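This report introduces a structure to a reader who has not met it before. It turns to charged side-chain pairs and to the arrangement of strands and helices.

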Amino acid sequence: MSEKQFYSKEYWYDSPEEHSDVDNYGKNYYGYQILEKVVLQLQDIPKDGYIVLLGTNRCVALDLLCDHFGRDRCIGYDLHNPIGHECVIEKDCMELSKADDIPIAFCHNDLGSFPKTPELKIYGQKWAAKNIIKGGYFLGRNNLNSAKFKSEELMHDMGFENLHFKDIQDQYDMKNFDPSWIEGHMLSRKK
């Protein structure tokens with residue numbers, strides 16, 4: 001079955017029952033919590049380069065990044081932009097190419113999900129990782145993802161150091177994180 005069936009506005013925006021387990025991507029969504037409690041605490045994100053969110057949904061997490069880093073520095077990519085957020089580029093991320101390349105200081109790959117859209121998620125990760133500048137960060141899943149994608153090896157081979165949440169949890173406020181968030185995520189920093 002093609003994952004394209006999950007690229008629809010109806011699935012991501014008009015079916016709240018499908019996403020209640022992730023707070024419909026609101027402030028209690030693990031992605032938002034990780035950005036707030038970990039990423040916004042990083043003191044060494046490069047001052048140059050864009051802050052990118054791949055997959056924006058209703059832009060709750062994107063607004064958090066915009067408030068912290070400034071709207072002029074933040075870019076979100078998504079198939080749809082139902083709220084008309086000025087920082088969102090509407091694009092099928094499977095079509096990201098050299099023409100879209102930008103210097104990235106930080107990126108969170110929140111495209112789809114490994115269970116439903118693994119090709120999209122992997123494609124987005126490869127595009128973003130190629131564009132991250134020296135000292136920049138990528139937030140994503142480690143090898144414990146449901147697609148069994150070797151994310152750790154990819155990032156290592158692309159010149160990143162992988163920082164597993166389980167190894168850095170004492171440096172950040174992760175006490176209210178579900179153990180699966182800690183077990184399955186990592187920050188990768190470009191050497």
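## Salt bridges across the chain

A salt bridge is taken here as a side-chain nitrogen of Lys or Arg lying within 4 Å of a carboxyl oxygen of Asp or Glu. The model is a predicted one, and a search of the whole structure finds eight such salt bridges in it. One of them joins E86 with R71, whose closest N and O atoms are 3.2 Å apart. This pair links distant parts of the chain, since E86 belongs to the loop between β2 and β3 while R71 belongs to the loop between α3 and β2, the two being 15 residues apart.

The two partners can also be described by their accessibility: E86 has a relative accessible area of 57% and is exposed, whereas R71, with a relative accessible area of 36%, is partly exposed. The pair does not stand alone, for salt bridges that share partners join D63, R71 and E86 into one network.

## Two further charged pairs

The side chains of K37 and E36 also meet in a salt bridge, with an N to O distance of 3.8 Å. K37 counts as partly exposed at 25% relative accessibility, and E36 is likewise partly exposed, its relative accessible area being 27%.

In another salt bridge, the side chains of D167 and K166 meet at 3.5 Å, N to O. D167 counts as partly exposed because its relative accessibility is 48%, and exposure above 50% would be needed to call a residue exposed. K166 is also partly exposed, with a relative accessible area of 49%.

## The sheet and its edges

Seven strands form an open sheet, and following them across it gives the order β3-β2-β1-β4-β5-β7-β6, with mixed pairing. At the edges stand β3 (88-90) and β6 (160-164), each of which has a single partner strand, so one side of each is left without a neighbour in the sheet. On average, and with direction ignored, neighbouring strands of this sheet are turned by 20 degrees against each other.

## One strand pair and a packed helix

Within the sheet, strand β5 (residues 132-141) and strand β7 (residues 185-190) run antiparallel and are joined by five bridges. Among the residues taking part, F138 has S188 in β7 as its bridge partner.

Helix α3 (residues 60-69) packs on the sheet, where it touches β1 (50-54), β2 (74-78) and β3. The direction of helix α3 makes about 165 degrees with that of β2.

Definitions and conventions
Residues are numbered from 1 along each chain as its sequence is written. This is a predicted model: local features need pLDDT of at least 70, side-chain atom pairs count only at pLDDT 80 or more; totals for chains, interfaces and linings use all residues. Side-chain values use heavy atoms; hydrogens and water are left out. Two strands pair if DSSP finds at least two bridges between them. Helices (H or I, at least four residues) and strands (E, at least two) are DSSP runs, numbered from the N terminus. Axes are lines fitted to C-alpha atoms, for helices over the stretch in contact, and angles run from 0 to 180 degrees between N-to-C directions. Contact means heavy atoms within 4.5 Å. Buried means under 20% relative accessible area, exposed over 50%, partly exposed in between (1.4 Å probe, protein chains only).
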